[in-house]
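Work through the two exercises below with the structure in view, and try each task before reading its solution.

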Amino acid sequence: MSHDHDHVRAVVWRDDALEVLDQRLLPREIRYQRLTTVAEVAEAIRCMVVRGAPAIGITAAYGVALAARAGYTGKRECWQISLQEDLNRLAASRPTAINLVWALQRMKRVIAEVADAPLERLLTEARAIHEEDIAANQRMGLLGANLLGERGAVLTHCNTGSLATGGYGTALGVIRAGYAAGLIERVYADETRPWLQGARLTAWELTQDGIPVTLLADSAAAALMRQGRVRWVIVGADRIAANGDVANKIGTYGLAVTARHHGVKFMVVAPASTVDLATPVGAAIPIEQRAAEELLNFNGYPVAAVGAEVWNPSFDVTPAELVDALVTERGVVLKPNLTKIAGMMGVVNPGSQMQAQVVA
Ligand code: MRU
């Protein structure tokens, strides 16, 4: 795991339990929470102890293994029925990231296949989901870095790194690979109001790995682009609709509009498990609304006028036409649309890096 510029792991299966790095406490405290029941796993996802679309999926997959351990009675029908309730509980923990549903579907297929002693088999599947995610990220890192062109600075939003995935990261994976290749000199990180994934997590992760990072208020991004200081905006995704519309952390849409206005390129990096062919367009993606307290309070202190109401969507949708490049482990899609995404999703095991599919 000591890949260059990649030293953080948020989700670890250790001594028969799931350990997740508590992201609510970062960067002031590094503390892993030990989860031994499915209820604890669902709660950790809901309250964002663990967050980021791929990391949520991986965590839920391990949660299914924990559920099977608790529910396995030796009688096939009984434990499979009791498990359904646990799967529903996990699926309801956060609504926007499709990786959660995708991972649970994979676990469900295994549940349907195994007659008895399910724990080992489910754990193997969860581990496979975890390892495949890291491999996908490393591959996307190379594919995305190949698009960067001349050396320069990039802007990113939210946290899409090792903390948000099995390891290495999606957009941050491209940034890691681009930095290692000498193509990225500096990363500008939006602080990402209101939960501060950029300030607390991305800036921490990049400093841990020795990559130069400059933090900015979300509202400073347009001025940064106007001054010509970034060549690319690189972000992740929570769900990509069949037509290429992208749901990602609130603020992403504004960045995409601003990037287009200033001639800055906009790259979305996400594993194929984030592509949801069953959701035709972005408008059909469920957007999580989070608690008003996230805006009314700061660090536990009330900061807003008493009586103010709050609109706090956790994600927004960027229309496909504003995306210059979509990078998945299956290849690169330039200017994504329905046809190109369908083609990309139809590609089975594109093989080595050299055979990477580029759909222009
Ligand atoms: O609310 P969060 O922190 O879970 O939101 C995370 C994001 O929006 C990320 O950009 C997305 O999940 C991609 S992470 C590789």
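**Exercise 1.** Find how strand β9 (residues 246–249) and β14 run relative to one another, and place β14 in its sheet.

*Solution.* Begin with the pair itself: four bridges join β9 to β14, and the two run antiparallel, where strands are DSSP runs of E with at least two residues, numbered from the N terminus, and two strands pair if DSSP finds at least two bridges between them. Within this pairing, A247 has V317 of β14 as its bridge partner. Next, widen the view to the open sheet of four strands, whose order is β11-β8-β9-β14 and whose pairing is mixed. Because β11 (275–276) and β14 (315–318) stand at the edges with a single partner strand each, one side of each is left without a neighbour in the sheet.

The model is predicted, with local features needing pLDDT of at least 70 and side-chain atom pairs counting only at pLDDT 80 or more, while totals for chains, interfaces and linings use all residues. Residues are numbered from 1 along each chain as its sequence is written, and side-chain values use heavy atoms, leaving out hydrogens and water.

**Exercise 2.** Describe strand β15 (residues 325–328) by its side chains, and then by its partners.

*Solution.* First, A325 and V327 point one way while L326 and T328 point the other way, and all are buried, that is, under 20% relative accessible area with a 1.4 Å probe and protein chains only. In a regular strand, side chains alternate between the two faces of the sheet. Second, strand β10 (residues 265–269) runs parallel to β15 and is joined to it by three bridges, with M267 opposite A325. Third, β15 and strand β16 (residues 331–334) run antiparallel, joined by four bridges, and V327 stands opposite V332 in β16. Finally, β15 and β16 form a hairpin, with two residues between them.

Methods: Buried means under 20% relative accessible area, exposed over 50%, partly exposed in between (1.4 Å probe, protein chains only).
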